[in-house]
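This report takes up a two-chain model in turn by overall composition, the contact between the chains, one sheet, one helix and the confidence of the prediction.

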Amino acid sequence: MASKSGLLFSGSDWDFRTLSRAYETIEAVATEELHLDVYPVQMEIISSEQMLDAYSSVGMPLMYRHWSFGKHYLYQELLYRKGGRGLAYELVINSNPCIVYLMEENTMALQALVTAHAALGHNHFFKNNYLFQQWTDASAILSYLDFAKGYIARCEERHGVDAVEEILDAAHALMEQGVFRYHRPPKLSSEKQREGVRERLEYEERSYNDLWRTLPPSKDGTKPRETDTMAERRKSLKLPEENLLYFLEKNSLILEPWQREVIRIVRVIAQYFYPQRQTQVMNEGCATFVHYTLMNLLFDRGLIGEGAMLEVLRNHSNVIFQPGFDDPRFSGINPYALGLDMMQDIQRISTAPTAEDRDWFPDIAGNGDWRQTLLDAWANHRDESFIRQYLSPTLIRKWRFFVLADAANDPHYEVASIHNERGYESIRAALAHSYDIGASRPDIQVVDVDLLGDRHLRLQHKVKDGIVLEGGSRDATLRHIRKLWGYEVSMAAVDAQTGATVHERSTSQIGE
Amino acid sequence: MPIFIDRRLNPKDKSLGNRQRFLRRAREELKRTIRDQIRTGKIADVDAEHAVSMPARGTGEPSFKDARNSGSRQHVLPGNKHFARGDRLPKPGQGGGMGSAPGRTESEDDFRFVLSREEVLDLFFEDLELPDMVKLNLKEILAFKPRRAGFAATGSPTNINVGRTMRNSHGRRIALRRPKQEAVDAVAQEIATLETKPQNAEMRQRIVALQEELERLERRRKRIAFVDPVDIRFNRFDAQPVPNANAVMFCLMDVSGSMGEREKDLAKRFFVLLHLFLKRRYDRTEVVFIRHTHEAQEVDEETFFYNTQSGGTVVSTALEEMHRIVEQRYPSREWNIYVAQASDGDNFVTDSERCIALLDEQIMRLCQYFAYVEILDERESHIFGATDNGTSLWRAYSAVKLRWSNFQMSRIATAADIYPVFRQLFARQPGYQKSAERGG
């Protein structure tokens with residue numbers, strides 16, 4: 001029946017044949033019309049319960065065990081059961097092949113929408129965006145997670161759940177400070193190489209003999225570290241260091257090899273997610289733009305029926321719903337909506353520019369090739385630079401953006417800019433800035449460690465615009481660092497502009 | 001062509017391990033919550049799911065966060081209606097988040113979730129120090145007994161019903177006309193005899209025909225098996241719940257002023273444990289609460305645990321009241337009667353004799369099981385723990401205990417002391433419940 005009428009599918013039920021046909025058609029249209037370039041796709045059908053599972057373990061299909069995932073599960077389950085929040089229709093994993101989870105409850109129309117959105121939109125973005133290309137290794141992540149799960153399970157067997165939990169708790173607390181932001185992390189080496197390293201660690205662990213400690217220290221300095229001058233040592237430790245987990249993993253004096261490996265696992269996972277955090281608007285925008293464009297193309301070609309299209313559109317408009325700031329439903333800027341709007345705006349600028357657009361975007365205005373323009377943008381930007389580059393006055397007026405200056409000691413907010421000629425630039429800069437993850441997260445670095453003396457680890461928090469850390473969570477996190485470091489840890493808050501120390505907090509002040 | 005993997009049938013509860021880890025972490029706090037809920041709730045409600053709120057301690061996930069009330073920042077917001085540059089707006093009250101970050105992390109630590117019945121019981125059992133067998137018994141929903149229920153075409157080899165299988169096989173062999181062994185033997189025999197005789201053309205032809213016939217028969221025998229998988233029948237068993245009768249549980253408690261908060265809490269746990277036991281074993285369990293001072297009355301659960309009365313202590317009044325209720329509403333032919341009595345041991349001096357008489361002559365005959373706990377001060381327990389002298393009621397009951405095997409008594413000072421009172425009860429095999437019913 002479906003083939004007779006020329007439709008890809010009819011009715012709401014799906015089966016694997018229809019899914020496969022839909023994917024092939026959509027992919028053909030996507031390659032031909034949008035020139036997308038994607039990883040091969042692996043589609044997995046899961047139930048709502050399994051979707052909840054995936055939600056609570058940071059969206060990954062494989063994950064080691066930790067109580068915090070159980071807690072998140074309880075929370076997600078509560079929201080879901082109460083009907084407070086629907087589940088995502090899909091989940092997509094940046095891997096090669098690209099894994100797309102489809103919920104079994106979806107209707108066929110939704111499955112087609114999800115296929116266009118995730119299996120093509122997100123997939124193209126993962127494969128082509130420079131951040132993902134350079135910072136993550138799509139082919140290695142699943143095998144790495146598999147290893148991580150197994151490794152942590154083995155550690156629990158050998159050292160007890162509590163001991164492992166303690167390290168994981170501490171490492172989780174530092175996840176945000178566990179990424180390299182400015183220099184690229186080393187590629188995940190092949191599993192084989194890692195296996196070799198681990199074997200060596202295990203051998204060292206086994207062959208360690210306490211007897212050797214009774215040997216007198218040799219005169220030519222078997223422990224050259226301790227004869228170094230402090231400055232040299234700081235240099236050898238490559239201080240200052242922004243990646244706290246990396247620093248602790250490599251330099252903590254009290255950790256055993258397996259503990260270092262556990263920290264490394266958490267660090268690798270944090271690093272893997274780092275690009276995703278920087279490309280929310282672009283990633284979702286790209287996927288939304290792709291599904292919207294593709295579904296309309298399919299409809300125009302008579303491949304999907306009117307009923308299905310209506311369902312697609314209803315879901316599409318739910319996804320891109322953006323209430324104003326004074327609406328009770330407002331909870332920040334919807335990355336789907338902003339991304340889609342900006343990309344459609346780029347399409348408009350390159351095909352039908354106004355004089356204003358020609359003024360603002362001389363490179364792309366009226367170039368007629370919106371496909372290439374978008375492909376370039378998707379490949380070469382992250383949220384911050386994308387907004388800085390492409391947010392147009394037209395869109396600022398459409399969204400009626402305004403900037404609110406908020407000083408803590410002022411009982412009033414002040415409207416700093418609105419959508420007018422004087423405000424465009426500053427709104428664009430402020431919005432871009434708010435998506436700059438480097439700027440919006442606390443900047444904490446290891447600056448000094450006195451290995452010769454009391455092994456006091458000194459951290460520095462650069463206070464920008466007078467924003468200090470929240471006291472309770474700061475103390476609790478410092479306690480975790482102390483656990484990993486083993487000796488006193490202190491953190492100085494230093495004003496980024498003046499260099500003056502705002503205050504200092506040390507673990508000796510906190511207590512257990 | 002994408003690869004499809006259907007994961008719907010993958011094992012569920014992938015996050016169960018994480019949930020258990022989480023509960024373990026919050027164990028102490030959850031235990032306290034459950035204990036409070038048991039203290040304030042009804043006895044019969046223990047055996048169910050409980051909603052608890054997220055424990056605050058031990059489940060925090062700290063990280064470095066910016067303090068909201070410091071420094072200066074800019075928010076970019078959509079939907080400007082009438083603001084102009086330079087407008088000043090008063091900030092909403094404390095914690096009003098107009099910021100770009102919705103305050104999700106805060107609410108994520110503040111919600112209620114449901115513990116399953118098993119998890120609740122685990123927490124409840126924890127400091128009762130029950131043997132594992134008993135815990136398992138209590139958690140088990142119903143006792144089932146396999147009953148024969150006809151035949152099935154599938155099953156485990158141990159359950160093959162040979163008679164039925166052979167009957168099917170026979171029928172099939174007849175229907176398909178499987179050559180019998182005798183028929184084959186007869187043909188073979190004939191060939192043998194013919195072969196010994198002098199040969200001529202007719203004979204040879206006959207032998208060839210017979211050999212063909214023999215071959216055909218043997219082929220047919222091979223093709224039609226003696227016992228074919230389709231013949232096999234298995235005994236089918238249905239899990240049938242063990243027929244349970246009704247049980248009534250009498251909770252007797254001294255509510256005079258000497259029973260304080262701690263004593264009542266211990267008594268309540270004692271009652272809960274017996275109730276759990278009964279509920280598992282009987283279809284219908286009713287609970288009757290009788291409180292007494294110098295006079296006894298039947299009350300509802302609320303009054304039983306939360307109202308105090310002043311007055312002396314005359315235990316026999318409670319026993320009499322109970323006897324009266326049994327006569328009226330719970331004939332011992334239809335009901336299994338369990339009695340749990342908690343007291344601090346005080347009794348009017350001359351009353352103990354009367355209690356002994358009542359128990360010996362009337363009550364012990366009627367009831368299945370009588371458990372008495374005397375709640376001691378923790379300091380007292382060191383002194384009295386092992387000796388037989390003690391309160392007047394204790395001495396009186398000791399005499400009863402000698403004569404009746406279904407009478408149990410114990411002194412308790414902590415929750416861990418409760419279980420030994422029931423040891424005999426739990427030691428019984430659930431399957432023999434019926435036969436042991438009247439034996440005690």
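In the sheet of chain A, A:Val494 stands opposite A:Thr501, a residue of strand β9(A). The model that holds this pair is a predicted one, and it scores ipTM 0.80 and pTM 0.70.

**The sheet in chain A**

The bridge partners just named belong to strands β8 (residues 489-495) and β9 of chain A, which run antiparallel and are joined by five bridges. Both strands are part of an open sheet of four strands in chain A, with the order β6-β7-β8-β9 and mixed pairing. Its edges are formed by β6 (443-449) and β9 (501-506) of chain A, each of which pairs on one side only, and from one strand to the next the twist averages 25 degrees. Helix α22 (residues 471-485) of chain A packs on this sheet, where it touches β7 (457-463), β8 and β9 of chain A, and the direction of the helix makes about 135 degrees with that of β8(A).

**Composition of the two chains**

The table sets out the counts for each chain.

| Chain | Helices | Strands | Source of count |
|---|---|---|---|
| A | 23 helices | nine strands | chain A |
| B | 16 helices | 13 strands | chain B |

Of the 512 residues in chain A, 41% are buried, while for chain B, with 440 residues, 28% count as buried. Considering contacts between residues at least 6 apart in sequence, 70% of those in chain A join residues at least 24 apart, and in chain B 81% of such contacts join residues at least 24 apart.

**Where the chains meet**

Across the interface, 77 residues of chain A are in contact with 53 residues of chain B. Helix α3 (residues 67-81) of chain A supplies the largest share of the side of chain A that touches chain B, namely nine residues. Sorted by class, that side of chain A has 40 nonpolar, 22 polar and 15 charged residues. The chains are also linked by strand pairing, in that strand β1 (residues 41-46) of chain A and strand β1 (residues 3-6) of chain B pair in the parallel sense over four bridges. Within this pairing, A:Gln42 has B:Ile3 of β1(B) as its bridge partner.

**A helix with one buried side**

Which residues of helix α14 (residues 392-403) of chain B are buried? They are B:Leu393, B:Trp394, B:Ala396, B:Tyr397 and B:Val400. These residues lie on the same side of α14(B), because they cover an arc of only 160 degrees around the axis. An α-helix has 3.6 residues a turn, so residues three or four places apart point the same way. The elements that cover the buried residues of α14(B) include α11 (315-329), β11 (335-343), α12 (351-366), β12 (369-375) and β13 (407-412) of chain B.

**Confidence in chain B**

The pLDDT of chain B averages 78, and 82% of the residues score at least 70. Within chain B, confidence is highest in helix α6 (residues 162-175), at a mean of 92, and lowest in helix α16 (residues 433-436), at a mean of 38. Over residues 94-107 of chain B the pLDDT stays under 50, and for this stretch the model has 11 contacts beyond four places in sequence. The pLDDT is also below 50 over residues 429-440 of chain B, a stretch with eight contacts in the model beyond near neighbours in sequence.

Notes: Residues numbered from 1 in each chain as written. Chains lettered and ligands numbered in written order. Predicted model: local features only at pLDDT ≥ 70, side-chain atom pairs only at ≥ 80, totals over all residues. Pairing = 2+ DSSP bridges. Helix = DSSP H or I, 4+ residues; strand = E, 2+ residues; numbered from the N terminus. Axes fitted to C-alpha atoms, helices over the stretch in contact; angles between N-to-C directions. Contact = placed C-beta atoms within 7 Å. Nonpolar A, V, L, I, M, F, W, Y, C, P; charged D, E, K, R; others polar. pLDDT = per-residue confidence, 0-100. Buried ≥ 20, exposed ≤ 12 C-beta atoms within 10 Å, placed from the backbone. Arc of directions from axis to C-beta.
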